[in-house]
Structures are given as C-alpha cells and as structure tokens.
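This briefing turns to the site around the ligand and then to a few individual residues. Please keep the sequence and the structure in view while reading.

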Amino acid sequence: MENQPVITKMSARQQSEICQSCHKGSNQFFWHGGVHETRGLSCVSCHSVHAFKSEKAQLKEKTGAAPEEIVVAIETLLTKERPLAGKRALVTSGPTREAIDPVRYISNHSSGKQGHAIAAALARLGAEVTLVSGPVGVADPAGVRVVKIDSADEMLAACLKAGAVDVAVCAAAVADWKAAKPASAKIKKKPGAAPPALELAPNPDILATLSRPGPKRPVLVVGFAAETENLVANAIDKRTRKGCDWIIANDVSTAAGTFGGERNTVHLISAEGVEDWPTMAKDDVALRLAGRIALQLARPRRVVAAE
Ligand code: C5P
C-alpha cells in the first residue's frame, strides 16, 4: 500500500489547490500509509508531501503536544476538496426509546451531540448523509437527510431502508432491551398491589447487522464503545464481536462528562491497533473521524471485515 500511486477523483482546479508547491494538475498522488510513520499524499509532479503524522508516530516521538496542527492539516486538505463527494454515508445518533406503555419508556442519557456532529462533518466533506436519529435536543445538521425514530426496531428498519452506503457510523446509544410486551394502555397503579413485573426482550443489534459480510455491506463500518471501565480492552473485544472495521471507544463514566458534554476523549481501534486521540471538542472528533474515513475510502482496496 505504501508509496503506491493513488488515482484521485479530484479536478485539476482542486489538485492545484492541494498542491500549493507546484500548482500542477496531476491526478496522481502517492499514498504514505504506514502506521509508524508519516501518512499523507505526495504530489507526483513536485514530490512535495501533504502529510500529517500518525498518532503512533507522535507517541513515538513523545512530544506530548496536542496535535492541533494535524487536525488543521486534515481540515485544510480535506474540507476544501470535499473528498467524500459521490460517497454515501449512514449515521445513527442519539438514544432509542423503548415503550413500556403509551406514557412510559426505557431510554438513556445520550445527547446525540457526537453522532450529529459526525453526520455534519461527513456532509461537510461532501458525502450524501442519512442520519437516523433517536429523540434528541440538538438541531438537525445542515445538508443531511434526517430520519427520526423512537425505538431500536425503527432505527434498524430506517438503516436498512437507507440502501447501500459506503460508510456506516453507528454512534447511537441503542437500548439493549425493550419491553417484551408493551402495554397498549397506561399501566395503572393499584393500591396495595405489588409493582408490575417488567419483562424485557433483547433489541436487534444494528451495528452487528450492518457489519455482516455480504454484497450490501458498507466498505467501512464504524461502531462506538461507551464504557465505564476497561475501556480499550472491552472495545477491542467489541470490534471483533460486532464484525465492524473500526471502534471509537469513549469513556462515559460520570467523571469523564462525555454524555451531554461538549468534549470527548476517544481511542480509534482498528485492525492496525489502537490510536489514543487527545481530548477534543465533539465537533473536532467528528471532523477528524470524517477525514480518516475519507482517507480510508480513497484507498484503492476494499476494507475487509474484522477477522
Ligand atoms: O453493545 P454495545 O451497546 O456496547 O455496542 C455499542 C455499539 O453498538 C455502538 O456503535 C452502538 O451504536 C451499536 N449498537 C447498535 N445496536 C444495538 C446496540 C449497540 O447498533 N442494539
């Protein structure tokens, strides 16, 4: 993969914007992809490298510096060029609501901020995005098709209805269980009677369903792991169990303040290993992830499902 020519889909005008050194419209760039070194694209004409360093390289150097410049480099390189133009993306976001009766439900504290920010970032890079969202307080992102659902069953149906996509990002906090037999009328309190038993049934796993191998599988499937302990170990295990390509692991313990907060500290887990990202605003996590997705989809080979 390293130093293999990559045929880009960029126009000559866009390429000259990228290659500010020679301003030539070559449509070939060399991909530098090793996890231990600089990643990026170099122009065939002048060989100047439009690069950003991998997290592993940064850790190796032990600079300890927050890699804002890398984020800025990705942003400059990718936002201008809309590298996801022509790509289709599906994002799930927010909590699901599982009815117990017409007035009560099972849900969780997910705000939808991270998932919505990812949908917005993918659209900003040119993707045609369908966002399947549970009930959230955040606004619909601009330029994104939003499908609003309540339950996990509805979320799965909406995802399947969205059709073939290049990338699916499952950021929703899907309730693990639903009421086995939701009541059609409000369950009444009866004086002196014991509380009613609530029988639960498992919800479908949307991430695992989308990750199943087959002709309709997205090229890249990204899941999230919200954990309160053994974050990275559990997330590595989750990637294999769900069959997705990447897992974004984040700490949702109360101390981390991720649920409902503005910032997030995540780790990107892929077949290549674990990258620790610095704490960033959720919008920056989203943009950085969208940039990584663009680079992954630009690779000439298909991503293989987790082994
Ligand atoms: O199993 P767990 O909920 O920890 O997995 C989290 C990941 O799986 C997230 O990406 C979430 O969106 C996805 N998920 C799903 N459907 C479920 C449960 C989780 O898509 N029923």
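On a 1 Å grid over the protein atoms alone, a pocket is an open set of points with protein on both sides within 12 Å along at least five of seven lines, as opposed to a cavity, where a 1.4 Å probe fits but cannot get out; a molecule sits in one or the other if more than half of its atoms lie within 2 Å of its grid points. By this description, the space taken by the ligand is the largest pocket.

This is a predicted model, in which local features need pLDDT of at least 70 and side-chain atom pairs count only at pLDDT 80 or more, while totals for chains, interfaces and linings use all residues. Residues are numbered from 1 along each chain as its sequence is written, and side-chain values use heavy atoms, with hydrogens and water left out.

**The shell around the ligand**

- The residues surrounding the ligand (a heavy atom within 4 Å of it) are Cys170, Ala172, Val174, Asp176, Pro204, Asp205, Ile206, Leu207, Gly223, Phe224, Lys238 and Lys242.
- Two or more residues of this shell come from each of helix H6 (206-211), strand S13 (220-227) and helix H7 (231-242), where helices (H or I, at least four residues) and strands (E, at least two) are DSSP runs numbered from the N terminus.
- By class, the shell holds seven nonpolar, one polar and four charged residues, with Ala, Val, Leu, Ile, Met, Phe, Trp, Tyr, Cys and Pro counted as nonpolar, Asp, Glu, Lys and Arg as charged, and the others, Gly among them, as polar.

**Atom pairs and burial of the ligand**

- A nitrogen atom of the ligand lies 2.8 Å from a backbone N or O atom of Pro204, and an oxygen atom of the ligand is 2.7 Å from a polar backbone atom of Phe224.
- An N or O atom in the side chain of Lys242 is 2.9 Å from an oxygen atom of the ligand.
- Taken alone the ligand exposes 440 Å², of which the protein buries 86%, the areas coming from the Shrake-Rupley method with a 1.4 Å probe.

**Individual residues**

- Asn230, in the loop between S13 and H7, has a phi near 45 degrees, a positive value in a residue other than glycine.
- Asn264 lies in strand S15 (residues 263-264), and its side chain makes a polar contact (a pair of N or O atoms within 3.5 Å; within protein, one must be able to donate a hydrogen and the other to accept it, and residues adjacent in sequence count only if both atoms are side-chain atoms) with the side chain of Gln114 at 3.2 Å.
- His267 lies in strand S16 (residues 266-270), and the side chain of His267 makes a polar contact with that of Asp276 at 2.7 Å.

Terms used
1 Å grid on protein atoms, 1.4 Å probe; cavity = no way out; pocket = protein on both sides within 12 Å on 5 of 7 lines; lining within 4 Å.
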